[in-house]
Amino acid sequence: MSSASVEDATVGSTRLERVREMLAEPSLDALIVAGAANLRYLTGFTSSDGGAVIAADGSARFLTDFRYQTQARQQVDPAFTQEIVAGELLEGLARALPPGRVGFDDVATSVHQLARLRELVGERVELVAAGGLIERLRAVKDAGELERIAAAAALVDGIYEWLVERGFGGRQERVVALELEHEMRLRGADAPSFGSIVASGAHGALPHAEPRDVAIERGTLVTVDIGALLDGYCSDCTRTFAVGEPTAQAREIYQLVLAAQLAGLDAVAPGLEGRAVDALARAVIEDAGYGECFGHGLGHGVGLEIHEAPRLARHGAEQVLRVGNVVTVEPGVYLPGTLGVRIEDLVVVEAEGARRFSHFTKELLVVE
Ligand code: ZN
Ligand code: ZN
């Protein structure tokens, strides 16, 4: 279940070193690290029931409670001194803070927790909002992470082959979703990386459709959006299939979305803002007159979490793509009451552009 934490001590200390460098810019004396993904990334610990304090002076401390004593000993990077907190974790964290300016994650910390922390540290510590620092580091993947994401994507490619062999016609969306998640686990996945989407016919026009107790009819399209969590890392891939012979309109929309998806893949390059990549793919759909039928962003970062930095979208995607970013490219066209098409690949940004992790065919497959 919980496989070896950080690949080796070098990875852990390199990441720690980068965090210390980041503390200089907002001039922080320390940073509180919390949340499952950030903790795992920095310390190797695979639960959210812990916290870490990384100080500018070079010390790094990890705190958890009695239940995780053994797990922490096995997983946490030796660069961290470990402490088992008897009472409230927040109290332990407060005690571990050096005096001065300390950054906390203002995105993940609740108002309640912040008030309690303020009460505990008093005048000794100035708490400074510093959310997103670790997320910025996590956005650039190292070789070990890329390998894991590629493996999670390959597992899903295999699931698509398996699905196509079994066919969709007459089967209930919810049953298809359950069975494919079961098959994923049999093939080694820890879990699906999000609730699987199997949406046929007019239901396919809902980008985040919940699978229904409804049989998939022949003569419709079915959109399948799935991902696997493998060794801590997520994958994400969407394909749309024709169940029986598709209508002329379905074929036309499919080819349009595919053209936009290929344009998006083509556009991915280091140095480009996420919103510029989004715009290049979106233009294909807009030029065909379906701009208002593509209401979501082009893509998102994927890693320890299914949605992370950077984003490819119209808004809030000023972040420039960098070599080592892993993003999805997933345009869609949704015709309410009629049909929906989405095609999604997972890619890594390299110096020459996008390298795909998803390899399952994007030709419109007509399946049973
Ligand atoms: Zn997806
Ligand atoms: Zn996605």
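In this predicted model, the zinc ion (ligand 1) takes its protein donors from Asp225 (OD), Asp225 (OD), Asp236 (OD) and Glu344 (OE). These donors lie 2.0 to 2.6 Å from the ion. Along the chain, the donor residues of ligand 1 follow the spacing D-x10-D-x107-E. The four donor atoms subtend angles of 54 to 150° at the zinc ion (ligand 1), so the arrangement is irregular. A tetrahedral assignment would require all angles to lie between 85 and 135 degrees.

Aspartate 236 bridges the zinc ion (ligand 1) and the zinc ion (ligand 2). The two ions lie 3.1 Å apart. Aspartate 225 belongs to strand β9, whereas aspartate 236 sits in the loop between β11 (233-234) and β12. The pair therefore ties together parts that are eleven residues apart in sequence. Both aspartates were examined for accessibility. Aspartate 225 has a relative accessibility of 5% and so counts as buried. Aspartate 236, at 4%, also counts as buried. The cut-off for this class is under 20% relative accessible area.

The zinc ion (ligand 2) is coordinated by Asp236 (OD), His300 (NE2), Glu330 (OE) and Glu344 (OE). Its donor distances are 2.1 to 2.2 Å. In sequence, the donors of ligand 2 are spaced D-x63-H-x29-E-x13-E. The four donor atoms of this site subtend angles of 76 to 152°, which makes the arrangement around the zinc ion (ligand 2) irregular. Distant parts of the chain are linked here by aspartate 236 and glutamate 330, which are 94 residues apart. Aspartate 236 lies in the loop between β11 and β12. Glutamate 330 lies in the loop between β15 (326-329) and β16 (332-335). Glutamate 330 is buried, because its relative accessible area is 9%. Glu344 appears among the donors of ligand 1 and among those of ligand 2.

Strand β9, which carries aspartate 225, is part of an open sheet of four strands. The strand order is β8-β9-β12-β20, and the pairing is mixed. Strands β8 (197-200) and β20 (366-367) form the edges, each pairing on one side only. Strand β12 (residues 237-243) and β20 run parallel and are joined by two bridges. Within this pair, alanine 242 stands opposite valine 366 in β20. Helix α8 (residues 173-186) packs on the sheet and touches β8 and β9 (220-226). The direction of helix α8 makes about 150° with that of β8.

Another open sheet contains six strands. Its order is β4-β3-β2-β1-β5-β6, again with mixed pairing. Strands β4 (81-85) and β6 (125-129) stand at the edges. Each has a single partner strand, so one side of each is left without a neighbour in the sheet. From one strand to the next, the twist averages 25°. Strands β2 (residues 50-55) and β3 (residues 60-65) pair in the antiparallel sense over five bridges. Isoleucine 54 stands opposite alanine 60 in β3. Helix α2 (residues 36-43) packs on this sheet, in contact with β1 (30-33), β2 and β3. The direction of helix α2 makes about 55° with that of β2.

Note on methods
Residues are numbered from 1 along each chain as its sequence is written. Chains are lettered from A and ligands numbered from 1 in the order in which they are written. This is a predicted model: local features need pLDDT of at least 70, side-chain atom pairs count only at pLDDT 80 or more; totals for chains, interfaces and linings use all residues. Side-chain values use heavy atoms; hydrogens and water are left out. Two strands pair if DSSP finds at least two bridges between them. Axes are lines fitted to C-alpha atoms, for helices over the stretch in contact, and angles run from 0 to 180 degrees between N-to-C directions. Contact means heavy atoms within 4.5 Å. Donors are N, O and S atoms within 2.8 Å of the metal (3.2 Å for Na, K and Ca); water is not among the atoms, so sites may look incomplete. Four donors count as tetrahedral if all angles lie between 85 and 135 degrees; four count as square planar and six as octahedral if opposite donors are over 155 degrees apart and all others between 65 and 115; anything else is irregular. Buried means under 20% relative accessible area, exposed over 50%, partly exposed in between (1.4 Å probe, protein chains only).
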